[in-house]
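Dear colleague,

Please find below the sequence and structure that I am handing over to you. My notes on what was found follow directly after.

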Amino acid sequence: MSKFKNIKKDFPIFERDINGNKLTYLDSGATSQKPNSVIDKMTEIYKFNNANVHRGTYVLSAETTQEYESVRTKFQSFLNASESDEIIFTKGTTEALNFLANSIANKFMGEGDEIILSEIEHHANIIPWQMVAEKYKLSIKYVKVNEDFSLDLDDLSSKLSSKTKVVSIVGESNLSGMLPDIKEINNLVRANSEALLIIDGAQLVPHRKVDVQDLGIDFLVFSGHKMLGPTGIGVVWGKKELLNSLDPVYGGGDMIEEVHYDKATWAPVPHKFEAGTPPYVEAIGLGAAVDYLQDLGMSEVEKHSDELREYGRKVLLDIDGVNVIHSQETIAGCTFGMYVDGVHAADLSLMLDTHGVAVRAGHHCVQPFHRKLGIDATIRSTAYIYNDKEDIDTLKSALISSVEMLR
Amino acid sequence: MSIREKVDEYKKILDIFPNDQEKYQYLIEKAKENDSFPSELRLDNFKVNGCQSQVWLVPEEKDEKLFFNSDSDALIAKGLVTLIASIYSDEKAEDIVSNEIDLMEEFELGVILSPARRNGAYSMLKTIKEYAKKLIT
């Protein structure tokens with residue numbers, strides 16, 4: 001029997017009734033729901049183990065420290081990293097990108113250097129670069145997105161040069177589900193520049209098997225809460241020699257080796273990047289989420305996502321009057337941006353909510369790309385492991401009846 | 001009718017509808033009835049900040065009373081702003097400022113009137129009160 005058949009039972013939120021309907025949760029691109037194993041693990045830590053990590057020489061602290069550090073090892077295997085020290089915990093993808101932008105610009109960049117992003121980046125992969133660009137007098141170039149929502153890799157090639165110091169690209173589009181060819185991007189970056197390649201894996205890592213060594217990239221960032229884990233925890237994976245060469249952005253707490261009144265020296269990676277008390281309970285909760293995904297098997301998670309995406313394409317692409325923003329490549333994420341001419345996305349999502357259907361409305365933090373498409377706002381359906389074909393059917397029928405009411 | 005009487009009147013109407021869907025449908029009808037807003041008044045200085053959709057509120061003073069003309073590019077928000085504008089229209093600025101009725105408490109209007117929302121109805125009310133305050137001072 002499919003591992004996904006009764007999976008909703010592992011997620012207590014699906015016991016809820018929304019406006020007299022069962023919950024059809026299709027907003028996992030914003031955040032995922034949490035299985036009992038994650039919730040229970042965090043409760044267990046607070047109830048029976050809680051003590052600050054790396055500090056106390058007593059049983060509780062030793063236990064939480066051991067659990068916290070073991071999550072790095074889980075991610076080493078999850079991402080096929082060469083060492084567990086290459087895993088740095090952050091608050092989430094946004095903080096991870098802010099950290100990398102500041103640390104890399106400070107160490108490796110100077111006036112006139114260039115950063116390459118794409119037109120479809122999340123604001124979290126634009127604004128930190130704009131901020132450092134202003135401070136260090138750098139310039140930003142945006143790789144074009146084709147009409148079928150794929151990245152124009154010829155445009156990337158033409159923009160790469162000896163001036164390019166960073167290329168930071170989304171691993172899976174949060175609006176169209178587009179999956180760029182990361183290996184090809186890596187080849188182009190290596191052949192035409194000496195830039196560091198960062199992949200924003202916020203939407204990619206929860207859904208697809210990622211092997212950082214096979215991809216050849218320099219950094220991968222992602223959030224825990226989109227992959228069944230709690231909020232407030234995310235990851236930067238980086239090549240060890242690069243992490244060694246970067247300086248911390250935040251100081252204080254456990255990130256030091258020695259502190260004097262006039263100077264300080266840093267602890268080795270990963271701890272030099274983890275100032276202050278880390279969100280260790282969240283990290284341990286995220287470890288339980290990784291266990292849950294590993295038990296399912298990431299290749300099964302991918303297969304499930306691919307099946308639902310194909311079903312979504314069959315069902316959602318031909319609804320009368322509904323325009324769909326979705327990757328036209330064979331393989332893509334199960335993410336569908338949608339808009340209806342003459343109907344506001346906010347109205348549509350409010351009406352869908354009355355059917356128990358939870359989708360996102362707005363610009364989904366990709367405002368420049370909406371502007372490029374000439375659309376104010378869209379609704380977005382993003383599915384995850386607990387969604388099934390019935391959820392897509394519910395979305396379709398709710399969409400049809402909502403559009404009818406709003407026209 | 002006083003602000004209190006108008007609120008009670010709307011409460012009676014909204015109570016007829018058994019669920020959010022029918023309440024939203026009522027707001028959509030209210031929005032469609034409100035076709036008097038001149039499109040040239042869709043100006044940034046009349047925009048209500050903090051709404052998910054674009055909402056405009058234009059005050060007008062007549063015979064020492066305030067009137068509000070409203071519009072939105074979304075139907076449910078337009079219905080809501082039409083309803084709120086009619087409650088506070090034809091009232092003296094002093095009465096608007098001193099009135100302490102909490103619409104979020106009075107009306108059951110699903111997520112659009114949830115007090116936790118940092119936008120929407122809260123911003124509309126705040127804008128109306130600010131217009132009234134400006135007239136007094």
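In strand E7 of chain A, A:Thr164 is the bridge partner of A:Glu114. Please bear in mind throughout that this is a predicted model.

The strand pairing around E5(A) continues from there. E5(A) and E7(A) run parallel and are joined by three bridges. E5(A) is also joined to E6(A), again in parallel, by five bridges. On that side, A:Glu114 has A:Ser139 of E6(A) as its bridge partner. As for its surroundings, E5(A) is mostly covered, with five of its five residues buried. A:Glu114, A:Ile116 and A:Ser118 point one way from the strand, while A:Ile115 and A:Leu117 point the other way.

Helix H4(A) belongs to the same part of the description, since E5(A), H4(A) and E6(A) make a right-handed β-α-β unit. The helix spans residues 127-136, and its buried residues are A:Pro128, A:Trp129 and A:Val132. These residues lie on the same side of H4(A), because they cover an arc of only 95 degrees around the axis. In general, an α-helix has 3.6 residues a turn, so residues three or four places apart point the same way. The elements that cover the buried residues of H4(A) include helix H3 (93-108) and strands E5 (114-118), E6 (139-143) and E7 (164-170) of chain A. After H4(A) comes A:Lys137, which has a positive phi, near 60 degrees.

A second site in chain A is A:Ser381, a residue of strand E17 (residues 378-382). Is A:Ser381 buried or exposed? It counts as buried, because it has 28 C-beta neighbours inside 10 Å, and 20 or more are required. Leaving aside residues up to four places away in sequence, A:Ser381 touches A:Leu26, A:Phe336, A:Val359 and A:Leu395. A separation of 6.5 Å lies between the C-alpha atoms of A:Ser381 and A:Gly337, which are 44 residues apart along the chain.

Finally, I turn to the contact between the chains. Chain B contributes 15 residues to it and chain A contributes 13 residues. On the side of chain B that touches chain A, helix H2 (20-33) and helix H3 (75-88) of chain B each supply at least two residues. The largest share of that side, five residues, comes from H2(B). Sorted by class, the side of chain B that touches chain A holds eight nonpolar, five polar and two charged residues.

With kind regards

Key. Residues numbered from 1 in each chain as written. Chains lettered and ligands numbered in written order. Predicted model: local features only at pLDDT ≥ 70, side-chain atom pairs only at ≥ 80, totals over all residues. Contact = placed C-beta atoms within 7 Å. Helix = DSSP H or I, 4+ residues; strand = E, 2+ residues; numbered from the N terminus. Nonpolar A, V, L, I, M, F, W, Y, C, P; charged D, E, K, R; others polar. Buried ≥ 20, exposed ≤ 12 C-beta atoms within 10 Å, placed from the backbone. Arc of directions from axis to C-beta. Pairing = 2+ DSSP bridges. Right-handed = clockwise from strand over helix to strand, strands pointing away.
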